[in-house]
Amino acid sequence: MVENALIDWSRAQFALTACYHWIFVPLTLGLSVIMAVMESIYVVRKDEFWKKAAKFWMKLFAINFAVGIATGIILEFEFGTNWSNYSWFVGDIFGAPLAIEGILAFFMEATFFAVMFFGWNKVSRKFHLASTWLTCLGASISALWILVANSWMQHPVGMEFNPDTVRNEMVDFWAVVLNPVAVSKFFHSVLSGWMTGAIFVIGVSCWYLLKGRETRFAKASIRVASIVGIVGTLAVMFSGDSSAVHVAKYQPMKLAAAEGLENGGEKAPFSIVPGVEIPGMLSILATHDINGYVPGINDILEGYTDSEGNEVLSAEAKKERGDLALAAFRAYRENRDSDPQAAAEARKVLEENVEYFGYGYIDGKEDLVPAVGMVYWPFRIMVGLGVFLLMLMIAVLWAERKDRIAGLTWLQRVAVCSIPLVYIAGQAGWIVAEVGRQPWAIQDLLPVNAAISSLDVGAVKTTFIVFVIVFTLFLAIELRILLKAIKEGPAVDEPEASGR
């Protein structure tokens with residue numbers, strides 16, 4: 001079907017853009033913290049070595065930052081081009097955090113970035129340090145508002161549906177901002193960037209050690225990056241625990257798919273790999289109670305009673321109420337001018353069933369089940385690589401503190417080879433988050449088949465191919481510039497500035 005092809009190609013295009021964008025974002029978040037810590041050491045100790053170290057990583061940060069902006073802008077434009085029904089239906093809500101991100105966070109980040117990058121020798125040490133930390137803060141604030149928008153799609157709150165405008169309108173700004181999903185997702189995503197930046201710095205530094213050059217710089221960078229990375233990774237694990245509770249509560253189908261859990265129950269097991277389980281562990285992770293009830297895929301489709309004794313409707317019952325909501329909406333629109341009483345009755349029915357509005361666009365209950373394999377395995381890749389990278393950072397930090405890192409060439413090689421692994425872990429995490437909530441563009445509110453724009457499939461295919469070429473070119477250019485800068489190394493002979 002043409003309609004299905006349009007949906008598939010539009011989803012593929014958006015996924016392509018998002019995946020490429022997330023290559024650049026975590027490194028920006030992680031490097032900003034590491035370079036800010038190094039400059040702080042420079043300002044406190046007044047040791048020019050730390051200034052040189054901060055400036056080197058700042059150069060790599062700037063290269064990555066510049067390329068990442070382009071993909072981010074394109075990503076936001078796609079909401080209007082490929083998903084115009086979505087933009088119309090919830091633009092009043094979704095657009096607010098994106099507007100704040102552009103007006104406040106991005107301009108803040110860009111302004112202080114200019115001072116940070118070009119302000120050496122022109123401003124005092126402390127003012128320059130403040131600019132570096134504000135650039136770092138700006139990057140995190142920018143991520144905050146984007147993640148607020150994304151989290152609202154996972155758990156929509158703070159809005160009411162207006163049948164006159166056919167739009168959901170924000171009624172509680174702070175409910176959107178303080179959405180519990182947004183809070184946990186912010187810390188989980190931003191702190192995973194610390195891990196990405198740390199592994200990148202450790203890997204590059206170990207490459208210098210393998211080459212027998214920049215030894216002091218490499219060891220110092222490993223020390224700072226490892227500490228930042230370990231702190232960030234432990235915090236990621238903590239925020240991941242709260243994320244699991246929120247997913248279990250607000251997106252049980254995603255959790256069931258991530259575990260390949262067909263039939264749930266109390267003391268639900270956690271699947272390490274198919275056939276290898278830890279009894280009761282999933283209940284602990286999802287409810288913090290070994291006896292907690294976790295529904296499986298079949299339970300969600302057929303209906304169940306949750307741990308708090310609440311009856312959760314079956315997919316068929318939700319579909320019926322969704323159809324009722326759509327019929328009432330149409331009746332209201334038809335009668336609001338000609339028959340006020342009929343319109344009022346229709347609106348009452350709509351309000352009683354509006355939370356199931358999106359189910360009216362679902363063809364069958366099988367459409368409510370995401371691609372289980374695309375959620376199950378990426379989750380294990382994310383967790384497995386996260387544990388491995390944490391152990392690597394601990395090992396590298398221990399070796400550096402014991403002054404043995406220079407002699408452990410095997411560990412250095414592992415660190416260099418681990419740079420792509422941290423990116424794979426990050427991409428896997430987003431696959432779990434986004435594929436796991438399908439078929440919903442907005443959880444329980446708007447499925448992707450109702451969010452799509454009316455476009456020619458050929459046009460979407462063409463732009464998809466163009467984006468593949470352009471984004472790959474962007475990535476290749478960035479890698480070439482980064483590798484050139486890394487091979488050149490820190491600017492040892494660059495004249496040192498006198499701070500004021």
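**Exercise 1. A salt bridge within one helix**

In this predicted model, Glu351 forms a salt bridge with Arg347; find the distance between the closest N and O atoms, and work out where the two residues lie.

*Solution.*
- Start with the atoms: the closest N and O of Glu351 and Arg347 are 3.3 Å apart. The rule asks for a side-chain nitrogen of Lys or Arg within 4 Å of a carboxyl oxygen of Asp or Glu, so the pair qualifies.
- Next, place the pair. Both Glu351 and Arg347 belong to helix α12, with a spacing of 4 residues, about one turn of the helix.
- Then check exposure. Glu351 has a relative accessible area of 52% and is therefore exposed, while Arg347, at 27%, is partly exposed.
- Finally, look for shared partners: salt bridges link Asp164, Arg336, Arg347 and Glu351 into one network.

**Exercise 2. A link across the sequence**

Which parts of the chain does the salt bridge between Arg336 and Asp164 tie together?

*Solution.*
- Confirm the contact first: the side chains of Arg336 and Asp164 meet at 3.1 Å, N to O.
- Now locate each end. Arg336 sits in the loop between α11 (315-335) and α12 (340-353), and Asp164 in the loop between β1 (159-162) and β2 (167-170), so the bridge ties together parts that are 172 residues apart in sequence.
- Add the accessibility: Arg336 is partly exposed at 32%, and Asp164 is partly exposed at 33%.
- For a further example, try Arg213 and Glu214, whose side chains form a salt bridge at 3.9 Å, N to O. Arg213 is partly exposed, with a relative accessibility of 24%.
- To close, the total for the model is 13 salt bridges.

**Exercise 3. How α6 meets its neighbours**

Helix α6 (residues 180-211) comes close to α15 and packs against α13; classify each pairing by its angle.

*Solution.*
- Take α15 first. The axes of α6 and α15 come within 8 Å and cross at roughly 165°. Angles over 145 degrees count as roughly antiparallel, so α6 is roughly antiparallel to α15.
- Turn to α13. Here the axes are 11 Å apart and the angle is about 50°. That value falls outside the parallel, antiparallel and perpendicular ranges, so α6 is oblique to α13.
- Check the handedness as well: α6 passes α15 in a left-handed crossing, and α6 also passes α13 in a left-handed crossing.

**Exercise 4. A nonpolar patch on the surface**

Which residues form the nonpolar patch on the surface, and which elements each supply at least two of them?

*Solution.*
- List the members: Ile272, Val273, Val276, Ile278, Trp377, Ile381 and Ile424. Together they have about 540 Å² of accessible area.
- Assign them to elements. β4 (270-273), β5 (276-278) and α13 (373-401) each contribute at least two residues to the patch.
- Follow Ile424 to helix α15 (residues 419-435). Ile424 is partly exposed, with a relative accessible area of 42%.

**Exercise 5. Another look at α13**

Is Val387 of helix α13 buried, exposed or partly exposed, and what separation do its C-alpha atom and that of Leu234 have?

*Solution.*
- Read the accessibility: Val387 has a relative accessible area of 38%, so it is partly exposed.
- Then compare sequence with space. Val387 and Leu234 are 153 residues apart along the chain, and their C-alpha atoms are separated by 9.7 Å.

Terms used: Residues are numbered from 1 along each chain as its sequence is written. This is a predicted model: local features need pLDDT of at least 70, side-chain atom pairs count only at pLDDT 80 or more; totals for chains, interfaces and linings use all residues. Side-chain values use heavy atoms; hydrogens and water are left out. Patches are made of residues with over 30% relative accessible area and no salt bridge: like charges are joined within 9 Å, nonpolar side chains (Val, Leu, Ile, Met, Phe, Trp, Tyr) within 5 Å. Accessible areas come from the Shrake-Rupley method with a 1.4 Å probe; for residues, only the protein chains shown count as cover. Buried means under 20% relative accessible area, exposed over 50%, partly exposed in between (1.4 Å probe, protein chains only). Axes are lines fitted to C-alpha atoms, for helices over the stretch in contact, and angles run from 0 to 180 degrees between N-to-C directions. Angles under 35 degrees count as roughly parallel, over 145 as roughly antiparallel, 65 to 115 as roughly perpendicular and the rest as oblique. A crossing is left-handed if the near helix is turned anticlockwise from the far one by less than a right angle, and right-handed if clockwise.
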